[in-house]
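Thanks for coming. I will go through one structure today, starting with a detail and then working out to the whole.

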Protein chains: 2
Amino acid sequence: MLLPTNRRRFLKGAALVAGAGLSRADEQSAADDPTTTPGIPARAYGERSRFERTVRVPNAQGTSSLTPLQDSTGIITPSSLHFERHHAGIPDIDPGRHRLMIHGMVDRPLILTMDELKRFPSVSRIYFMECSGNGFRNRRTARTVQEAHGLVSCAEWTGVSLGLLLREAGVQQGASWIVAEGSDAAKMTRSVPLSKAMNDVLIAYGQNGEALRPEQGYPVRLFVPGWEGNISIKWLRRIKVVDQPYMTREETSKYTDLMPDGKARQFTFEMDPKSLITFPSGGQKLSGPGFYEISGLAWSGRGAIRRVEVSVDGGRTWRDAQLQSPVLPIAFTRFGFGWKWEGTEAVLQSRCTDEHGDVQPALEDLIKARGDNWGYHYNPIQSWKVTTDGSVQNALT
Amino acid sequence: MLLPTNRRRFLKGAALVAGAGLSRADEQSAADDPTTTPGIPARAYGERSRFERTVRVPNAQGTSSLTPLQDSTGIITPSSLHFERHHAGIPDIDPGRHRLMIHGMVDRPLILTMDELKRFPSVSRIYFMECSGNGFRNRRTARTVQEAHGLVSCAEWTGVSLGLLLREAGVQQGASWIVAEGSDAAKMTRSVPLSKAMNDVLIAYGQNGEALRPEQGYPVRLFVPGWEGNISIKWLRRIKVVDQPYMTREETSKYTDLMPDGKARQFTFEMDPKSLITFPSGGQKLSGPGFYEISGLAWSGRGAIRRVEVSVDGGRTWRDAQLQSPVLPIAFTRFGFGWKWEGTEAVLQSRCTDEHGDVQPALEDLIKARGDNWGYHYNPIQSWKVTTDGSVQNALT
């Protein structure tokens, strides 16, 4: 690490500039030896290192962005990298003026301020959230796991039990659904069966220990554990208790799957068991033969993951991966699998099973069951091909 | 929500400005009705709402900052709000040039790049971290739970098992400790018994699903679960395997406790069981008599929390609080306790017990055991006084 004196002096100066708070890594060098230079003082709200570049990738229209799963560690998605999908932009809402109305077939309609909402007991849970369209559209063209499957993330969500609020309002005889409405410019609206609403649904205001991010519905959203993401209405302003689903745009013309017999699957709420290898994955490159840990994520909208199997030979043989604790229901589970790469071509796959015994299917089986004219709830086994030079590709491209 | 046309038009204009990305809440208003205005598009790396103001509070010297526990939700501390403590500033380190050396009493010394380190199998765990000085110095003057106890946080940490790396290096007969050294300008150095190093210590590069933050040791730190924070050497550059503790500054003149008999407690590694009520806590105000959920956090460096009791009468009577799942070892556990405040003066306390039966002590008992000339491992029961007007105060002030 010894360098000519001149160069050492130059780099020290550069490090002092960095200490002043600039953030373009291109324009400066870090100190050769950071022990020779005092660092910057404490900050009120921290930022990541200027050397970190992983980002969500927004689509061309700016209506969604994808989580960089290939760079993820553990099971928590940082809020700055949580995927997003919106239908009319991210609104700018003053929490002091926001109201949540609960009305319809209730004895005591409620209009709550955020402060009033936070008076109720809070619940915090680590849950994944996945867009029902995740994986299908880009399945052949995607080069990376982010491009292919980045509409899924996992966070700790905090809020009030919707069941508690509904009991407070007094649900009337004959009610069987709720309708939730957002205060974005799309007025996103979805129907949810009352049985689910009374069970584990949250009126969420917290995400990973702080307020929801604007992209996630600030100041308050519905959170429907295990169900397709669009049902978890963001920027929530209204819940109406009703006696039938409302057949809104997002549950008729959108978020339904046309089957080969001409009928459509509708109200396909739960996200099916799914797993992905995040390392090695498309676009990455192995530096040479030797030991690697295959790492990935598994989840199921119906409960906990019980088992993940990995194949390194395109599905001919399977072996159990190790699940990392904690293994929580309706949350990412991180799995690992030790692998010695011999330098020959290999096809890597993972397959998960949830606590109900539901197994992640092969693509052929999904197409056999549903045809090829659908786009939601796409959970087949993903294959990554490792070529002899170590580069990794989406095997479907 | 209907307003004169002029005012509505003005506010719409203001919302469009907000959409352009400004972030000073003082200078603009949000739309009265966000459904009338398309929001902003997706962003590559998200930020919190401009209406959110909770921050870490740095000390006067800028050498530490305190987590706003009063605003925390759940058990995860967002990385931007994780407490920090450093001894010579936060260095600016280029991960591409950083190296970790493992040497001393080993058969095969290692010098690892970050890429090489990440080749090893990874482990992710949710762990609290607490500064050993948390709580003592400000115990009488602190007005808020942040000022009093903000040197504790909880995150998901990802890294490589140090035991695995040490086995890779081949620990020699007779070795019994390691010495870890940081590459900050303080060259922070601490000794750790080999038994702990081989057990659950991580060489951590991930925090809450992304790279460590600079304040937390970017690009890599030691993470010693359950032990006082300063041992988890940040900006880690060197681990030397040795046959005795090195009696560094941070384990002789600092981080030791003088006892009444003139001897000092040294190597007081584990953080003792501790709990805090975060709501209602000092500086907050109840809006009037009625139902409140008392909420708080409990943790123990020795394992999982088994029980939290709450008293609303200054410790005369205690009742069990509800523990929220997941209850993880060496992690924050969130507890809740329903309370109907009658409008009379009340003193709120919490007391936790860990899986080994260790109980959080009363302050009098700690002083009886240790005298009053120490400053570390301060874990007594915290009392908050609620006055008849609803304001909450530190009962020790």
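In what sense do β4(A) and β13(A) pair, and over how many bridges? They pair in the parallel sense, over four bridges. One of the facing pairs there is A:Met101 with A:Arg238, the latter in β13(A). Before going further, I should say that this is a predicted model.

β4(A) has another neighbour as well. Three bridges join β4(A) to β5(A), residues 110–112, and here the two strands run antiparallel. A:Ile102 has A:Leu110 in β5(A) as its bridge partner. The two strands make a hairpin, with five residues between them. As general background, strands of a sheet pair through backbone hydrogen bonds, either parallel or antiparallel.

Now the chain as a whole. Chain A contains six helices and 24 strands. Its C-alpha atoms fill a box of roughly 80 × 55 × 35 Å along the principal axes. For 397 residues, a compact globule would have a radius of gyration near 21 Å, and the 24 Å of chain A agrees with that. Of the 397 residues in chain A, 49% count as buried. If we take contacts in chain A between residues at least 6 apart in sequence, 70% of them join residues at least 24 apart.

Next, two of the helices. Which residues of helix α4 of chain A are buried? Helix α4(A) spans residues 162–169, and its buried residues are A:Leu162, A:Leu165 and A:Leu166. They lie on the same side of α4(A), because they cover an arc of only 100° around the axis. As for what covers the buried residues of α4(A), the list includes strands β4, β7, β10 and β13 of chain A, together with helix α5 of chain A. So β4 and β13, the parallel pair I opened with, are both part of what covers the buried residues of this helix. After α4(A) comes A:Gly170, with a positive phi near 80°.

Helix α6 of chain A, residues 363–370, is hardly covered. Among its eight residues, the count of buried ones is zero. A:Gly371 sits just after α6(A) and takes a positive phi of about 80°.

On to the sheets. In chain A, three strands form an open sheet in the order β1-β2-β3, with antiparallel pairing. Its edge strands are β1, residues 57–58, and β3, residues 84–85, and each of these pairs on one side only. Two bridges join β1(A) to β2(A). Within that sheet, A:Pro58 stands opposite A:Ser65 in β2(A).

For the other sheet I switch to chain B. Which strands form the open sheet of four in chain B, and in what order? The order is β16-β17-β21-β20, and the pairing is antiparallel. The edge strands, each pairing on one side only, are β16, residues 274–279, and β20 of chain B. In this sheet, β17(B), residues 290–299, is joined to β21(B), residues 333–341, by nine bridges. B:Gly296 stands opposite B:Phe335 in β21(B), and B:Glu293 stands opposite B:Gly338 in β21(B). On to β20(B), residues 322–323: two bridges join this strand to β21(B), again antiparallel. B:Gln322 stands opposite B:Gly336 in β21(B).

That leaves the relation between the two chains. How many residues of chain A are in contact with chain B? There are 77 residues of chain A in contact with 77 residues of chain B. Several elements of chain A each supply at least two residues of the side that touches chain B: α1, β2, β7, β11, β17 and β21. By class, that side of chain A has 32 nonpolar, 30 polar and 15 charged residues. The copies meet through the same surface, because 100% of the interface residues of chain A are also interface residues in chain B.

How are the copies placed relative to each other? In general, two copies of a chain are related by a rotation about an axis and a shift along it. Here, a turn of 180° and a shift of 0.0 Å along the axis lay chain A on chain B with an RMSD of 0.0 Å. That is the relation of a two-fold axis.

Note on methods:
Residues numbered from 1 in each chain as written. Chains lettered and ligands numbered in written order. Predicted model: local features only at pLDDT ≥ 70, side-chain atom pairs only at ≥ 80, totals over all residues. Least-squares fit on C-alpha atoms with pLDDT ≥ 70 in both. Contact = placed C-beta atoms within 7 Å. Buried ≥ 20, exposed ≤ 12 C-beta atoms within 10 Å, placed from the backbone. Arc of directions from axis to C-beta. Pairing = 2+ DSSP bridges. Rg over C-alpha atoms; globule rule 2.2 N^0.38 Å. Nonpolar A, V, L, I, M, F, W, Y, C, P; charged D, E, K, R; others polar.
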